[in-house]
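Ready for a few exercises with a protein–DNA model on your screen? Take a look at the sequence and the structure first, then work through the tasks at your own pace.

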2 protein chains.
Amino acid sequence: MEKLLVNDAELCESKLVLALNDTLNVISGKWKLPIMASLLSGKKRFSEIERNIPTINPRMLSKELKELEINGIVARKVNDSKPVTVDYELTSSGYAIRPVLEVMINWGMEHRASIMGKK
Amino acid sequence: MEKLLVNDAELCESKLVLALNDTLNVISGKWKLPIMASLLSGKKRFSEIERNIPTINPRMLSKELKELEINGIVARKVNDSKPVTVDYELTSSGYAIRPVLEVMINWGMEHRASIMGKK
DNA sequence: CCGGATCCCTGGGGATACTG
DNA sequence: CAGTATCCCCAGGGATCCGG
């Protein structure tokens, strides 16, 4: 009985670790979070995101957007205008990243404050 | 007036970006989060953490612990026993990482579910 | 305008062996 | 036990140019 509880706990723990790794993998790399943050304010075009993140280069932007699309975070839409333009938008799952960002920002601010306090 | 509001907004936005970067820098690398997670359940010794994270090697563990200490996330305490043992413990700022982990885990689970739902 | 193709280079991280 | 010291490797990412 004792043993069973332990197994359940381990099972539960491993699921948490998996979920954490999912998140970590999805936001991995230097640009995913900045890109998602940029898209939080709504649908944007390739060049708009590019201007939004001045230090990124088109290769990286393209690559990261592709990965985000594969992972179901952003949706890509080609407009048949001339010249062709492309819109990127967060999926609902993508928009749901907001709480993650908020909590990270909160912790960053509080941590900085606590460091200052001790100095 | 309009212009002033824009500046405030930009100022605020840049603080948020800084805080996010603080967090990202602190948890950067492959092992910081696992180590912190391991220490969430309380003070541990070097070898205990090592056994807790089977795939890490001593060099990495040492390096990451040092960075975490420098960043005010863990506290190191040497016990003058024989042989010498060392305890690592999260600071209050370190323990405060828990909500970050929780929210990341939540998002990971929900995201996985939403992917499954669409398939 | 939106990328793809190439080349290059740095540093994060693995493996192993050694020491106080 | 709690780390150091070395050596090595590769993938993430920068720069630049090209094409639909």
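The exercises below deal with a predicted model, and each task is followed by a worked solution.

**Exercise 1. The relation between the two chains**

Task: Work out what symmetry relates chain B to chain A, and find which residue of chain B comes closest to the rotation axis.

Solution:
- Step 1. Begin with the general idea: two copies of a chain are related by a rotation about an axis and a shift along it.
- Step 2. Here a turn of 180° with a shift of 0.0 Å along the axis lays chain B on chain A, and the RMSD is 0.1 Å.
- Step 3. This is the relation of a two-fold axis.
- Step 4. To find the axis on your screen, go to B:Val100, whose C-alpha is 3.5 Å from it, the closest approach of any residue of chain B.

**Exercise 2. The interface between the chains**

Task: Describe how chain B and chain A meet: how many residues are in contact, and what area is buried?

Solution:
- Step 1. Count the partners: 28 residues of chain B touch 28 residues of chain A.
- Step 2. Turn to area: the two chains bury about 2,600 Å² between them, and 73% of this is on carbon and sulfur atoms.
- Step 3. Three residues, B:Leu20, B:Met104 and B:Trp107, supply 25% of the area that chain B buries against chain A, more than any other three residues.
- Step 4. Now the polar side: there are twelve residue pairs in polar contact between the chains, counting pairs with both residues at pLDDT 80 or more.
- Step 5. Assign the residues to elements: α1 and α6 (98-118) of chain B each give two or more residues to the side that touches chain A. The largest share, 13 residues, comes from α6(B).
- Step 6. Sorted by class, this side of chain B has 19 nonpolar, seven polar and two charged residues.
- Step 7. Since 100% of the interface residues of chain B are also interface residues in chain A, the copies meet through the same surface.

**Exercise 3. Salt bridges across the interface**

Task: Find how many salt bridges there are between chain B and chain A, and look at the surroundings of B:Asp22.

Solution:
- Step 1. The count between the two chains is two salt bridges.
- Step 2. One of them is formed by A:Asp22 and B:Arg112, with the closest N and O atoms 2.8 Å apart.
- Step 3. Next, locate B:Asp22, which is found in helix α1 (residues 2-26) of chain B.
- Step 4. Apart from neighbours within four places in sequence, B:Asp22 is in contact with A:Gly108 and A:Arg112.
- Step 5. With A:Arg112 there is a polar contact between the side chains, at 2.8 Å.

**Exercise 4. The surface near DNA strand C**

Task: Identify which residues are closest to DNA strand C and which elements give two or more residues to the surface near the strand.

Solution:
- Step 1. DNA strand C is surrounded by 18 residues, the closest being A:Ser47, A:Ser62, A:Arg76, A:Tyr88 and B:Lys30.
- Step 2. Of the strand's atoms within 4 Å of the protein, sugar and phosphate account for 72%.
- Step 3. Check distances from polar side-chain atoms to phosphate oxygens: 2.4 Å for A:Tyr88, 2.6 Å for A:Ser47 and 2.8 Å for B:Lys30.
- Step 4. The elements giving two or more residues are α3 (46-52), α4 (58-70) and β3 (85-90) of chain A, together with α4 (58-70) of chain B. The most, four residues, comes from α4(A).
- Step 5. By class, the surface has eight nonpolar, four polar and six charged residues.

**Exercise 5. The surface near DNA strand D**

Task: Carry out the analysis for DNA strand D: which residues come nearest, and which element gives the largest share?

Solution:
- Step 1. Among the 18 residues around DNA strand D, the nearest are A:Lys30, A:Arg59, B:Ser47, B:Arg76 and B:Tyr88.
- Step 2. Sugar and phosphate make up 71% of the atoms of DNA strand D that come within 4 Å of the protein.
- Step 3. Phosphate oxygens of the strand lie 2.4 Å from a side-chain N or O atom of B:Tyr88, and 2.8 Å from a polar side-chain atom of A:Lys30.
- Step 4. The largest share of the surface, four residues, comes from α4(B).
- Step 5. The classes here are seven nonpolar, five polar and six charged residues.

Notes
Residues are numbered from 1 along each chain as its sequence is written. Chains are lettered from A and ligands numbered from 1 in the order in which they are written. This is a predicted model: local features need pLDDT of at least 70, side-chain atom pairs count only at pLDDT 80 or more; totals for chains, interfaces and linings use all residues. Side-chain values use heavy atoms; hydrogens and water are left out. Copies are superposed by least squares on the C-alpha atoms of residues with pLDDT of at least 70 in both. Contact means heavy atoms within 4.5 Å. A residue is near a molecule or strand if one of its heavy atoms lies within 4 Å of it. A polar contact is a pair of N or O atoms within 3.5 Å; within protein, one must be able to donate a hydrogen and the other to accept it, and residues adjacent in sequence count only if both atoms are side-chain atoms. Ala, Val, Leu, Ile, Met, Phe, Trp, Tyr, Cys and Pro count as nonpolar, Asp, Glu, Lys and Arg as charged, and the others, Gly among them, as polar. Buried area is the accessible area (1.4 Å probe) that two parts lose on being put together, summed over both. A salt bridge is a side-chain nitrogen of Lys or Arg within 4 Å of a carboxyl oxygen of Asp or Glu.
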